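Welcome! Please take a moment to look at the model below, and then we will walk through it together.

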Amino acid sequence: GYLMDVEVPYIHHSFREVTVSLEFLIRSINSVSVELLAEMKKKKYHKRQVELCYLSDAIIDIYTMLAVLSRASRAVVLGHRNSHHEFALANTFVVNQLTKAEENFLKFREYNLLQGRVTLGKDVLENRGYLPSHPLTPDVV
């Protein structure tokens, strides 16, 4: 379920719209981070530094968004006299940061796809043509 499907004491329910978007981004990053960390355990992280940079930028953006939402939520819950201002500031900041974090994540995905294309291109050049054989062609040993 989404963050706001259950009671989350740190984020006020008035931030539901941005928290749903934020959670989707967190889940997306989490799904690719597992693969990236597995590669790093194989000591191949030097090949993935650009991806790590984009991913870490997105994670830093998420952290700042959560800090801002937490602060504004506290102001709303405690009924501070300027809580409406805190809410507006937080909402504006988070919407802008979501865009930035999504762009960083998109750069990460695009770079990942580009690396796959580079690998395919190298294979075609090394084999001087189309690499795979037709799946119904019997293998000749």
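Let's begin at a turning point in the backbone: glycine 79, which comes just after helix 2, takes a positive phi of about 70°. Keep in mind that this model is predicted.

Now step back to helix 2 itself, which covers residues 49–78. How far apart should its ends be? With 30 residues at 1.5 Å a residue, the expected span is 44 Å, and the end C-alpha atoms are 43 Å apart, so the two values agree. Several residues of helix 2 are buried, including Glu51, Leu55, Ala58, Asp61 and Ile62. Further along, Met65, Leu69, Ala72, Ser73 and Ala75 are buried as well.

Next, find asparagine 104, which sits in helix 3 (residues 83–126). Is asparagine 104 buried or exposed? Its relative accessible area is 9%, and buried means under 20%, so asparagine 104 counts as buried. Setting aside neighbours within four places in sequence, asparagine 104 is in contact with Tyr54, Asp57, Ala58 and Asp61. Two of these partners, Ala58 and Asp61, are also among the buried residues of helix 2.

Finally, here is the whole chain. Reading from the N terminus, its elements run α-α-α, with 3 helices and 0 strands.

| Property of the protein chain | Value |
|---|---|
| Share of the 141 residues that are buried | 26% |
| Share of contacts with a separation of 6 or more that join residues 24 or more positions apart | 71% |
| Exposed area | about 10,300 Å² |
| Share of exposed area from carbon and sulfur atoms | 59% |

Methods: Residues are numbered from 1 along each chain as its sequence is written. This is a predicted model: local features need pLDDT of at least 70, side-chain atom pairs count only at pLDDT 80 or more; totals for chains, interfaces and linings use all residues. Side-chain values use heavy atoms; hydrogens and water are left out. Helices (H or I, at least four residues) and strands (E, at least two) are DSSP runs, numbered from the N terminus. Buried means under 20% relative accessible area, exposed over 50%, partly exposed in between (1.4 Å probe, protein chains only). Contact means heavy atoms within 4.5 Å. The expected span of a helix is 1.5 Å times one less than its number of residues. Accessible areas come from the Shrake-Rupley method with a 1.4 Å probe; for residues, only the protein chains shown count as cover.
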